[in-house]
Amino acid sequence: MLQRFWPATLGAALQTDDEAWRAEFETAVIEIGTNIARHAYPTSSGTEMMQLWLRAYTDHVEAAFRDQGIPLKEPPPRSPLESVDLLDLPEGGIGLEIARAALDRLDYERTPEGTNLW
């Protein structure tokens, strides 16, 4: 989906072709999507669904996820990744920190109807 999004976006709405922030945005989207698949649906039944919307504006892009999985438990406390030795990073459990570090803003909401919104 991201591969199809960029050519249309860069040619139409977005006024930049900065590869650095594009890579950061893609990394964040992949990390959040992976977390939803792993944690919102810990026992796969084959009927899980996740929706992703991508939007482009002249000065920024947005991604929005929606799923019906289990709610996010309290997120781990934020720890700045800049102060961590990259060789000491754990193999798991830091996806949201990576996404937060890559994005200007990351929000999560659980609706009363049981929908997770990212």
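Buried means under 20% relative accessible area, and partly exposed means between that and 50%. The model used in these exercises is predicted.

**Exercise 1. Burial in an aromatic pair**

Find the aromatic pair, describe its geometry and classify the burial of Tyr108 and Trp118.

Solution.
- Step 1: Search the whole structure. One aromatic pair turns up.
- Step 2: Describe the geometry. The ring centres of Tyr108 and Trp118 lie 4.6 Å apart, and the planes meet at 50 degrees. Planes under 30 degrees apart count as stacked and over 60 as edge-to-face, with the rest tilted. The pair is therefore tilted.
- Step 3: Place the partners. Tyr108 sits in the loop between H3 and strand S3 (109-110). Trp118 belongs to the segment after strand S4 (116-117). The two residues are ten residues apart.
- Step 4: Classify Trp118. Its relative accessible area is 16%, so Trp118 is buried.
- Step 5: Classify Tyr108. Its relative accessible area is 28%, so Tyr108 is partly exposed.

**Exercise 2. Packing of two helices**

Work out how H2 and H3 are oriented, and say which residues meet.

Solution.
- Step 1: Take the geometry. Helix H2 covers residues 19-40 and helix H3 covers residues 95-102. They pack at an angle of about 150 degrees, and their axes are 8 Å apart.
- Step 2: Apply the cut-off. Angles over 145 degrees count as roughly antiparallel. H2 is therefore roughly antiparallel to H3.
- Step 3: Add the handedness. The crossing of H2 past H3 is left-handed.
- Step 4: List the contacts. H2 contributes Glu24, Thr27, Ala28, Glu31, Ile32 and Asn35. H3 contributes Gly95, Leu96, Ile98, Ala99 and Ala102.
- Step 5: Sort these residues. Six are nonpolar, three polar and two charged.

**Exercise 3. Cover over H3**

How many of the eight residues of H3 are buried, and what does their cover include?

Solution.
- Step 1: Count. Six of the eight residues in H3 are buried, and the helix is mostly covered.
- Step 2: Name them. The buried residues are Gly95, Leu96, Glu97, Ala99, Arg100 and Ala102.
- Step 3: Find the cover. H2 is included in what covers them.

**Exercise 4. The chain as a whole**

Give the order of the elements, the buried share and the share of contacts at 24 or more positions.

Solution.
- Step 1: Count the elements. The chain has three helices and four strands.
- Step 2: Order them. From the N terminus they run α-α-β-β-α-β-β.
- Step 3: Take the buried share. Of the 118 residues, 28% are buried.
- Step 4: Consider the contacts with a separation of 6 or more. Residues 24 or more positions apart account for 58% of them.

How values were computed:
Residues numbered from 1 in each chain as written. Predicted model: local features only at pLDDT ≥ 70, side-chain atom pairs only at ≥ 80, totals over all residues. Heavy atoms only, no water. Axes fitted to C-alpha atoms, helices over the stretch in contact; angles between N-to-C directions. Parallel < 35°, antiparallel > 145°, perpendicular 65-115°, else oblique. Left-handed = near helix turned anticlockwise from the far one by under 90°. Contact = heavy atoms within 4.5 Å. Nonpolar A, V, L, I, M, F, W, Y, C, P; charged D, E, K, R; others polar. Phe/Tyr/Trp six-rings, centres within 6.5 Å; stacked < 30°, edge-to-face > 60°. Buried < 20%, exposed > 50% of the residue type's maximum accessible area, 1.4 Å probe, protein only.
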